[in-house]
There are 4 protein chains.
Amino acid sequence: MEMWFSDEHTDNVKLSIRVEQQLFSAQSEFQRIDVLESKEFGRILVADGDLMLTEKDEFIYHEMITHVPMAVHPHVEKVLVIGGGDGGIVRELVKYDALEKIDVVEADPLLIEVCRKFFPQMACSMNDPRVSIFNEDGLRFVRSKSDVYDLIIIDSPNPFGPGEGLFTKEFYGNCYNALHSDGVMINQHESPFYKEEAFQCQRMHKRIIESFPISKIYQAHIPSYPSGHWLFGFASKQYHPLNDLDGVTWTLKGIPTRYYLPRLHQGMFALPAYVEELVKDVE
Amino acid sequence: MEMWFSDEHTDNVKLSIRVEQQLFSAQSEFQRIDVLESKEFGRILVADGDLMLTEKDEFIYHEMITHVPMAVHPHVEKVLVIGGGDGGIVRELVKYDALEKIDVVEADPLLIEVCRKFFPQMACSMNDPRVSIFNEDGLRFVRSKSDVYDLIIIDSPNPFGPGEGLFTKEFYGNCYNALHSDGVMINQHESPFYKEEAFQCQRMHKRIIESFPISKIYQAHIPSYPSGHWLFGFASKQYHPLNDLDGVTWTLKGIPTRYYLPRLHQGMFALPAYVEELVKDVE
Amino acid sequence: MEMWFSDEHTDNVKLSIRVEQQLFSAQSEFQRIDVLESKEFGRILVADGDLMLTEKDEFIYHEMITHVPMAVHPHVEKVLVIGGGDGGIVRELVKYDALEKIDVVEADPLLIEVCRKFFPQMACSMNDPRVSIFNEDGLRFVRSKSDVYDLIIIDSPNPFGPGEGLFTKEFYGNCYNALHSDGVMINQHESPFYKEEAFQCQRMHKRIIESFPISKIYQAHIPSYPSGHWLFGFASKQYHPLNDLDGVTWTLKGIPTRYYLPRLHQGMFALPAYVEELVKDVE
Amino acid sequence: MEMWFSDEHTDNVKLSIRVEQQLFSAQSEFQRIDVLESKEFGRILVADGDLMLTEKDEFIYHEMITHVPMAVHPHVEKVLVIGGGDGGIVRELVKYDALEKIDVVEADPLLIEVCRKFFPQMACSMNDPRVSIFNEDGLRFVRSKSDVYDLIIIDSPNPFGPGEGLFTKEFYGNCYNALHSDGVMINQHESPFYKEEAFQCQRMHKRIIESFPISKIYQAHIPSYPSGHWLFGFASKQYHPLNDLDGVTWTLKGIPTRYYLPRLHQGMFALPAYVEELVKDVE
């Protein structure tokens with residue numbers, strides 16, 4: 001059947017995926033959530049019309065946003081995941097035995113429920129005893145915390161609409177306060193390729209470097225995301241993402257991955273000249 | 001106006017780009033060639049309905065296919081470019097003063113003419129005195145050469161249709177013979193993400209390692225290509241792409257680039273776990 | 001959300017409708033059945049990827065295929081509907097008190113079930129005591145009948161795939177035999193505009209005039225069908241569609257309609273010059 | 001090649017046509033004009049992104065807007081065409097030997113030029129000695145005329161954007177004045193099917209009946225126009241479109257047509273029940 005979902009990358013570019021079947025559609029208090037079945041990408045999670053993740057390549061995003069800091073910070077015990085109701089980051093986190101506490105702040109309980117049902121291979125670890133789920137506003141949650149976490153992962157949607165607050169200077173400052181003195185903050189950092197997103201990229205980076213002494217950007221190939229060239233931010237109070245990488249220790253933990261390897265770590269932080277320029281402009 | 005060009009990545013996925021205007025369309029002896037004007041990607045070159053390159057991101061492909069070997073091989077003098085009638089690789093090559101001879105074998109003269117006219121910033125160096133253009137079949141051309149080149153760059157389209165011969169074991173063997181004893185062969189190597197292309201990837205790699213003692217794969221982010229995750233093959237008789245990199249010497253040459261930097265070099269060869277597995281399967 | 005269903009009118013033309021939600025999808029023994037919700041057309045029934053009918057304009061098709069013969073034939077008592085599992089024709093037929101028996105031959109029970117559930121305003125009369133539903137093959141059913149019906153309505157899909165047999169000369173001959181000596185046969189007759197369908201149109205007409213002494217074509221505006229210009233065939237043993245029209249009697253019955261009126265009757269049979277030529281070619 | 005032009009019928013419905021080639025594109029003082037080549041519809045004229053006409057079915061529109069009044073009004077000598085720079089109406093008009101004068105008021109000279117070049121079979125009669133072309137504003141032109149024409153044909157685009165003034169009460173009043181005491185005014189009258197256009201339809205009709213004692217609507221099947229069900233307005237000071245039809249005289253003139261025939265005339269004015277209601281609502 002000719003039924004296609006299009007993710008609009010810009011007003012003039014879209015990625016279109018043939019839909020075999022729509023599995024779910026509902027409006028929550030926060031957003032419209034759809035689950036589509038496709039041949040090429042498996043199941044697709046859509047929020048307010050935007051592609052959030054696909055069964056086929058979510059592993060790239062979730063491994064990259066999780067294992068990069070975990071291979072650098074030597075003793076992460078308490079983690080805060082802001083957003084992340086889909087469970088992908090939690091699935092990666094629970095692979096670390098040393099982790100004691102994983103707080104997930106996801107405003108929308110329907111999102112969690114939908115992912116449990118339609119993406120069981122992703123949401124499989126949300127019941128891990130170390131995980132606490134808070135259906136609260138991420139901004140407010142962080143504001144009340146001080147010196148609590150070793151790692152904060154910001155799994156925010158794009159900086160338009162409801163997630164806007166997760167891209168403000170004030171929010172990054174609150175994350176700084178919520179972290180221990182050697183804490184690390186990771187955030188999804190948009191793509192550097194299309195103009196509007198590149199601009200968001202710059203703005204985010206500018207705001208983060210105002211709060212954190214160390215702030216670096218790394219990248220991954222995520223085919224279902226706009227341009228396929230996706231960035232992440234590594235902001236840190238003390239650890240340097242390259243100098244403090246301990247690949248050997250990480251490897252000995254025997255964490256199974258399909259994208260991340262310590263061998264890739266340095267290359268991820270080596271940005272193409274044009275991306276480096278983009279970032280430098282605001283440093 | 002709602003006029004969109006779609007590049008079909010698979011039967012079930014397509015990238016669609018709004019077309020401002022079609023600037024050119026003609027059928028040559030070899031293929032249908034179209035030039036489209038778009039807001040997001042600038043001018044787009046299309047051959048037989050497939051997106052070949054865009055003004056906005058062709059620099060990534062052309063820098064990556066050219067500067068990676070040029071930063072490794074210490075004294076390239078004679079280069080053969082198979083395909084490459086668009087002039088993008090030549091534009092990068094002529095930045096090297098030490099180069100003496102650049103042979104371009106492009107079967108289709110119309111392609112060259114179209115690129116000269118519609119992509120002047122790309123085809124600008126086709127008149128360099130070191131460049132010789134041969135409107136011949138690439139396979140036949142290489143078969144007649146022995147111990148002539150330091151570097152062969154295979155700028156082939158995809159392995160379906162007319163370019164098919166450029167993906168055979170016999171062809172790679174002939175390239176081996178056409179190279180000096182320390183020669184390097186680079187080829188565009190498709191994407192590892194979608195099934196059909198991943199299979200082509202494997203097949204190519206398998207055929208190349210049968211001819212060359214050193215054969216490595218590297219990658220770049222090319223947003224307009226399927227999945228955005230594009231691979232290149234580095235096949236070599238003697239030089240190792242990482243061990244023999246001389247970034248300092250390369251940097252001193254002062255070659256201006258917008259993507260490639262020696263700092264990125266190692267990271268480019270660090271493949272994600274799932275791509276490495278794909279490649280390993282045939283090694 | 002950018003989710004669109006496209007009905008392919010030809011390889012080079014398609015009507016695309018934004019889908020709010022997919023309400024149903026299943027594969028029956030005979031076909032894949034989908035129900036889509038759209039803003040513009042309401043619910044849409046799709047079989048094997050082809051648009052079958054829409055909530056917004058199904059009334060046009062069903063009124064036109066039903067009331068035209070009912071306003072001509074003076075005493076219809078027994079009707080056979082071949083196909084028509086959606087219930088739209090039955091809904092129109094039950095408006096006639098004089099009707100005694102309505103046999104519906106619909107091979108696919110799932111289609112009936114789906115329409116009962118998702119198109120209640122259309123399938124509402126399938127429980128009328130005069131209606132008998134036969135989940136059988138239409139060809140075989142008709143073959144066994146002789147001199148039974150006053151009216152046969154062939155509500156067939158297009159002449160490709162499973163419905164093919166409903167477009168053969170043999171089938172029309174069997175319908176002839178199943179009718180009383182003053183019986184009328186109506187069939188959906190495709191569109192005259194696009195080449196391939198125009199050809200089917202001709203072929204159908206040619207086959208029908210070989211069986212029936214009177215065979216005329218009439219038309220309606222059905223926006224959701226290819227070209228919007230849709231034809232029906234009126235084949236008859238005795239009654240002439242114009243000369244035997246009794247509009248006054250029909251009007252006195254007080255049948256509520258939204259498209260058909262006896263006033264339109266003559267105009268419906270007045271075909272544009274180019275359509276008349278198409279039809280004449282085979283007469 | 002997958003290059004498609006879409007004509008947006010509503011925000012939620014579009015007709016998409018595969019484009020073989022774009023033949024022309026330019027911005028005039030008034031509008032952007034594009035000419036596309038397609039397999040299914042031949043050449044397509046596009047203004048500001050909207051489909052204006054196609055080579056394949058323009059004959060329907062132009063015959064219907066011209067021959068209907070010409071078969072009713074017994075002695076048309078002077079005609080005013082407002083809009084109509086494409087030449088289609090003129091081509092039909094010059095078939096009448098008795099016509100003495102055809103004034104065409106087309107604001108945009110580029111439109112005329114483009115149609116002469118790319119649609120020669122349509123613009124072929126623009127050089128007829130009886131034709132005068134005025135590159136002026138239609139509203140202003142009509143305002144200065146009194147008791148001059150037997151027939152005014154309003155070949156306006158849709159009532160959004162630059163053509164808006166051609167849909168006002170004042171304009172229809174001026175047309176009334178520009179006509180002789182037995183004059184006829186014809187206008188394209190949008191489609192009754194989609195909500196927004198149906199509303200325009202009503203509004204137009206309401207405004208016309210305020211100026212003309214006789215005002216009737218007729219219809220045709222135009223596949224490339226939204227819904228394929230297109231309306232025309234017949235407004236008249238004296239002649240009735242049905243009572244005063246003289247089909248025999250018209251036929252004797254031997255005017256070649258592919259859609260219009262006097263035999264169809266009455267049926268064209270027989271509107272489906274739902275369209276009649278729409279119109280009645282404002283009468």
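**Chat: how the chains meet**

Modeller: Chain A and chain B bury about 3,600 Å² between them, with 62% of that on carbon and sulfur atoms. Buried area here is the accessible area, with a 1.4 Å probe, that two parts lose on being put together, summed over both. Keep in mind that this is a predicted model, where local features need pLDDT of at least 70, side-chain atom pairs count only at pLDDT 80 or more, and totals for chains, interfaces and linings use all residues. Residues are numbered from 1 along each chain as its sequence is written, chains are lettered from A in the order in which they are written, and side-chain values use heavy atoms, leaving out hydrogens and water.

Colleague: Which three residues of chain A supply the most of the area buried against chain B?

Modeller: Asn12(A), Phe193(A) and His221(A), which together supply 20% of what chain A buries there.

Colleague: And how many residues does the contact take from each of chain A and chain B?

Modeller: 41 from chain A and 41 from chain B, where contact means heavy atoms within 4.5 Å. The copies meet through the same surface, because 100% of the interface residues of chain A are also interface residues in chain B.

Colleague: How many salt bridges between chain A and chain B?

Modeller: Two, counting a side-chain nitrogen of Lys or Arg within 4 Å of a carboxyl oxygen of Asp or Glu. Arg263(A) and Glu276(B) meet in a salt bridge, at 2.8 Å from N to O.

Colleague: Which element gives the most to the side of chain A that touches chain B?

Modeller: β2(A), with six residues. Helices (H or I, at least four residues) and strands (E, at least two) are DSSP runs numbered from the N terminus. β2(A) also runs antiparallel to β2(B), joined by five bridges, and strands count as paired if DSSP finds at least two bridges between them. In that pairing Ser16(A) stands opposite Lys14(B).

Colleague: Switching topic: what turn lays chain A on chain B?

Modeller: A turn of 180°, with a shift of 0.0 Å along the axis and an RMSD of 0.0 Å. Copies are superposed by least squares on the C-alpha atoms of residues with pLDDT of at least 70 in both. Of the residues of chain A, Gly267(A) comes closest to the rotation axis, at 1.7 Å for its C-alpha.

Colleague: Now chain C. What's the area buried between chain C and chain A?

Modeller: About 1,400 Å², with carbon and sulfur atoms giving 53%. The contact takes 17 residues from chain C and 17 from chain A.

Colleague: How many salt bridges there, between chain C and chain A?

Modeller: Zero.

Colleague: Which strands of chain C supply residues to the side that touches chain A?

Modeller: β1 (3-10), β2 (13-27) and β3 (32-38) each supply at least two. β1 of chain A and β1(C) pair in the antiparallel sense over three bridges, and Met3(A) stands opposite Phe5(C).

Colleague: How do β1(C) and β2(C) pair?

Modeller: In the antiparallel sense, over six bridges, and they form a hairpin with two residues between them. Trp4(C) has Arg18(C) in β2(C) as its bridge partner.

Colleague: And what joins β2(C) to β3(C)?

Modeller: A hairpin, through four residues. β2(C) and β3(C) pair antiparallel over seven bridges, with Ser38(C) as the bridge partner of Val19(C).

Colleague: Which chain D strand does β2(C) pair with?

Modeller: β2 of chain D, residues 13-27, antiparallel over five bridges. There, Val13(C) has Ile17(D) as its bridge partner.
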